[in-house]
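Good morning, colleagues. I should like to take you through one model, beginning with its sheet and ending with its helices. Please have the structure open as I speak.

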Amino acid sequence: MALTGLLIRIFIAFSSNQIHHPDEIFQYLEQAHRIVFGYSYIPWEYRFGIRSWILPGFISTFLYGFKFLNIDEPVLYINFVKLIFCCISISLVYSTYIVAKQLVSDKAGKIAALFACFWYELIYFAHKPNPEVLATYLFMAALAIIVTKSDNYYYLKFGILCALTVILRLQYAAPVAVLILYVFFNWEKEKIFQSALILLIVIFIAGYIDYLTWGKFFVSYYRNFVFQKTYDVASLFGISSSIYYFGSLTISSMGLFAITGLVSFIYWRNTWLLLICVFIIIFSHSLIPHKEHRFIFLVIPLFLILLSIIVTESILYQKYLAEHSFLLMIFSTFLIISIAGSFNKLPIQKKIYKESIFFQDNVLNSYLFLSNETDISAILNISTPWYEIGGYYYLHQDIPIYSKDHFKLNDIKDYTPYISHIICPSDYKNISGFKTYKKMKSIEIRKQINPPSLYQKLNVNTKKVLQKGVDYKYVPEL
């Protein structure tokens, strides 16, 4: 089953090319590219020191391999990194199986693993380096450990996994506290002490990485808290109502998770720990004004385990319907919802996911195409905002990427002394000195007809992107 899940995830990762949120490119992949190759966009978070370098550093280890082997083809390292994260994501299939098996039965575990294998959101995010997604894998592994205590070193593994969960996603400290409270009442005092010690050591290492990269212990976590809570910078990116997550979960699951949550209370003897974790995650995140569905990614596998428990404990399953016909009916319903979600066909789902999981972003593909151009000197991007492009992680050429605003600010109307290639909508007006070079459905690349022997450069740092409401209001101290 795990192999099937892995193959599905790899197929989707390689056959699609899209950004769910700009953070996955510019906060992590782009910064890993900067570590290894020395250049990238630098968003405000990495100028004000509110991000840890741990995740970009992890990704950079794979890019270093490509650099060492002198393989500079972006499509190769992009797909390799996708492959790595797909392999990591399969741990969730094992974790859901173990948790459901220990809480109820082996059959419940197999059904939970089946759900985790085929649920579209777990497939969609499998190849993405989002910290909340990776923290989910770690948390679920920690949960699996406390319900099994499978080997002599379970307490050390638990401490490491809890620490890494909090390091990657500080907001998941609340559900981690639930697990810690659980072991406090169920483990021997010696094991608790050893687990706490390794947890503190791993957290200290994260603080030391901040010291090495930013100059102060734990400064990225501190400054993140200050900017998000004290300065309320997150509100610049949107504020949602306190019931946002109830709506997003209902939309994304076509009501399946709402029903699952309510029915789970009937089987509270088996589900209480999972229900507490779900409640804590949704409640704690609902207190934060800026909300995004991906922030509570952790509740998805928890709901799938709850659903597996309901299925195996159901009176219908046990008494009234033949086992195989009941399971077929449940899984068929589950699969219909998951397939509809995959193609973005659920009611009002576009509020959460822009496109289907198979979508090919023409802008990203245009940057991949230009990465192989040998006569490229500068790009003018008038197709999308900078945060919707692939950045230098996709382009992999250390050249300026201009927007129209750069020329407006300098009152320059002739692009030919500065630009070799233009990325624009296919129906964009004619631009003097340029002709269509490559079409990609709604996007086309235009190339200069008579390029100069030497291009001029605007006196602007195009890699440093300013953030309204942050730059010129606050001063970076790092």
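How many residues lie between β4 and β5 in their hairpin, and which residue in the turn has a positive phi? Two residues separate β4 from β5, and K441 in the turn has a positive phi of about 55°.

Before I continue, a word on the basis. This is a predicted model, in which local features need pLDDT of at least 70 and side-chain atom pairs count only at pLDDT 80 or more, while totals for chains, interfaces and linings use all residues. Residues are numbered from 1 along each chain as its sequence is written, and side-chain values use heavy atoms, with hydrogens and water left out.

Let us turn to the sheet. Helices (H or I, at least four residues) and strands (E, at least two) are DSSP runs, numbered from the N terminus; two strands pair if DSSP finds at least two bridges between them. Five strands form an open sheet of mixed pairing, in the order β2-β1-β3-β5-β4. The edges are taken by β2 (401-402) and β4 (434-440), each with a single partner strand, so one side of each is left without a neighbour in the sheet.

At one edge, β1 (residues 379-381) pairs with β2 in the parallel sense over two bridges, and I379 has I401 of β2 as its bridge partner. At β5, the pairing with β3 (residues 421-425) is antiparallel over five bridges; there H421 is partnered by K447. Six bridges join β5 to β4, again antiparallel, with Q448 of β5 as the partner of F434.

Is β5 buried or exposed? Buried means under 20% relative accessible area, exposed over 50%, and partly exposed in between (1.4 Å probe, protein chains only). Six of the six residues of β5 (residues 443-448) are buried, so this strand is largely enclosed by the rest of the structure. Both faces are covered, with I443, I445 and K447 on one side and E444, R446 and Q448 on the other.

Next, helix α1 (residues 2-15). Its expected span, 1.5 Å times one less than its number of residues, is 20 Å for 14 residues, and the end C-alpha atoms are indeed 20 Å apart. Its buried residues are A2, G5, L6, R9, I10, I12 and A13. They cover an arc of only 165° (from the directions from the helix axis to the C-beta atoms), which puts them on the same side of α1. The face turned away carries the exposed residues L3, L7 and F11.
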